[in-house]
Amino acid sequence: MSEINRIFPEGFLWGGATAANQYEGGYDAGGKGLSSVDLIPHGKERMRIATGNIDQLSIKDECFYPSHLGVDFYNRYEEDIRLMAEMGFKVFRMSLNWARIYPTGEEAEPNEEGLAFYDRVFDTCLKYDIEPLVTLCHFDVPVATIENFGGWRNRKMIDLFVKYSETVLRRYKDKVKYWLTFNEINMILHLPFMAAGVVIKEGDNKLQVCYEAVHHELVASAMVTKIAHEINPAIQVGCMLAAGRTYPNTCHPDDVWAAMQKDNEGYGLIDVQSRGAYPAFLLKELEREGIKIPFADGDKELLKEHTVDFISISYYASRLTSGDKELLKKQTDGNVFATMKNPYLEASQWGWQIDPLGLRITLNSMYDRYQKPIFIVENGLGANDVVEEDGSIHDDYRIEYLRQHLLTMHDAIELDGVEVMGYTSWGCIDLVSASTGEMKKRYGYVYVDRDNEGNGTFNRSKKDSFFWYKEVIGTNGACLK
C-alpha cells in the first residue's frame, strides 16, 4: 500500500478555540453584567455549584473566581490575535458574553460598549485574514435572568436569547460567517447551572427540569438559525455536541446496549438540531420516565424547518461502559462524563483517557448519522507545563497528542470520506479550565503567566508546540508523519 498523502483539503480551516468565560476577563468592565460562570469559584465547591446543587447567585468575598480576569483577552486581544496570525490561523473560535451585550438580558437596547469591543476583535481578526467562528452562548447566562426566571428552565429565555442573537447577527453580519448557537448542548444534562443557569431546587425532578431547559434551547437555536439565514444567506449556523464514542466493555449484548444508550443521550439532542425532530428512542425513554417535553404551538414546525448547516463537536476522549452495574461503580472521575477505565488507553495527568483512533470512530459515526459537514471545534491535552530557566517550554507530550489526533482526523477525511470543515484545538492560548477552574491545566500553544491563585503578569510565551502547529498549518498537514 502506498504512503498516504497527508495534505488536507484545500480551504481547510485550521485554528484554535477559546470561550469568553474562561479567556476574556473584564467581568465588570465596559458595562458588562454578571454572568452565571462569574459565580463559579475555583476550589472544592466548584462542581457543586456548576451542577446546580448549590443556590449561590452572588459573589462571595472569601472565594476566588478565575473567570473574572480570565487571561485578560479583554485588554490583550490584539497581541493574542497577532500570535494566532503568526501561527497561520485561518479561523478563531471564540464566544460572545451575552451579559456584555445585554447586562441583565432584559434591556430594550444593547450595551454599545460591549458591541464595540467585539467589533474591534473581529476587525483585528479580519485584518489578519482570520475568520471568526462565534459561539452565541458558551455557558454564559446573565445572572439577572437566573434570578428573575430561573435560567433556561423558563420559556421566557427564548425571547431574550433571540433578541440578543438577532442584535449581534445584524451587527456582525458582514464580519462573521460561521456561528454556533449553544456550546455542548448535552452538557445541560450534566452541569445544569454552568450550562444553562439552572439551579436544582428541593422538590425538583432534575431530569424534567433539564429537559425543559434543553427544549427551550433547541427552540431558540432553530429560531436563531432562521433569523441568521434571513439576515445573510451566506451565514452558516452549526450546533455542538460534547462528543466521544462510547465503547462496550465486552462483546456481551448487555454491554453493547449500554454503550448505544450512552451515545444516544447526546445524539438525541443533535438529532433535533440537525434532523429537525426528537428521535423516537428519546421520546419513548422520556415517556417511561414521566418526563414531558414542554412543546408550545409551532415548536415542532420550527424545529423541522430550521435545521443547522453543519455539526461541530468537542472531542477529548472516548468512553467505556458496561451493562453490569457493579462494574460501573469503578469509574474515573477525571472528566465530567463518567467512564470506566479502558485498559488499552493511556490517560492525561487529569485522568482523561487518550484515544486518537476514537476521534476517527466518532467522526465516522456522526457523519454516517447526519450526512452534514463536521467541524472539530475542541480537541487538546490539558497538562502542567514547566517553564525552563531560559524561558522555554518543551511540550512534546502535547505535540504528540495533537499529531496522533490530526493523523486519525486525516484518515477519516481521506480514507473514509468524512466531510470535515476544520479543526480548532482547544485553549490555543492558555486559559482557565472549565472543569476545575485551574490555570495549571494548560492546553495552549502560548503560555500565560498566571497561576491557580490568580498570581502572575499575564505575559505570553511561545511553547514548542507553537512552532510545530505553525508548520502543520503552513504545510496544510503535509509535515505530519
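A search of the whole structure finds zero disulfides, a disulfide being a pair of cysteine sulfur atoms within 2.5 Å. The structure is a predicted model, in which local features need pLDDT of at least 70 and side-chain atom pairs count only at pLDDT 80 or more, whereas totals for chains, interfaces and linings use all residues. Residues are numbered from 1 along each chain as its sequence is written, and side-chain values use heavy atoms, with hydrogens and water left out.

Two cysteines illustrate the absence of disulfides. The closest cysteine sulfur to that of Cys137 belongs to Cys239 and lies 15 Å away, too far for a bond. Cys428 is likewise in no disulfide, the nearest cysteine sulfur, that of Cys125, being 10 Å away. Cys137 is buried, with a relative accessible area of 2%, and Cys428 is buried at 0%; here buried means under 20% relative accessible area, exposed over 50%, and partly exposed in between, for a 1.4 Å probe and protein chains only.

Cys239 appears again among the contacts of Gln273, a residue of helix H10 (residues 253-275). Helices are DSSP runs of H or I of at least four residues, numbered from the N terminus. Gln273 counts as buried at 6% relative accessibility and, with neighbours within four places in sequence left aside, is in contact (heavy atoms within 4.5 Å) with Thr181, Ile185, Leu218, Ser221, Cys239, Thr307 and Val308.

Gly151 is located in the loop between helix H6 (143-149) and H7, and is buried, with a relative accessible area of 0%. When residues up to four places away in sequence are not counted, Gly151 touches Thr145, Ile146, Met157, Ala196 and Gly197. The C-alpha atoms of Gly151 and Ala195, which are 44 residues apart along the chain, are separated by 9.9 Å.

The helix that follows this loop, H7 (residues 156-171), comes within 10 Å of helix H9 (residues 206-231), axis to axis, and the two cross at roughly 25 degrees; axes are lines fitted to C-alpha atoms over the stretch in contact, and angles run from 0 to 180 degrees between N-to-C directions. H7 and H9 are therefore roughly parallel to each other, a term for angles under 35 degrees. The contact involves Ile158, Phe161, Val162, Ser165, Glu166, Leu169 and Arg170 of H7, together with His216, Val219, Ala220, Met223, Val224, Ile227, Ala228 and Ile231 of H9. By class, the contact of H7 with H9 has eleven nonpolar, two polar and two charged residues, where Ala, Val, Leu, Ile, Met, Phe, Trp, Tyr, Cys and Pro count as nonpolar, Asp, Glu, Lys and Arg as charged, and the others, Gly among them, as polar.

Conventions. Parallel < 35°, antiparallel > 145°, perpendicular 65-115°, else oblique.
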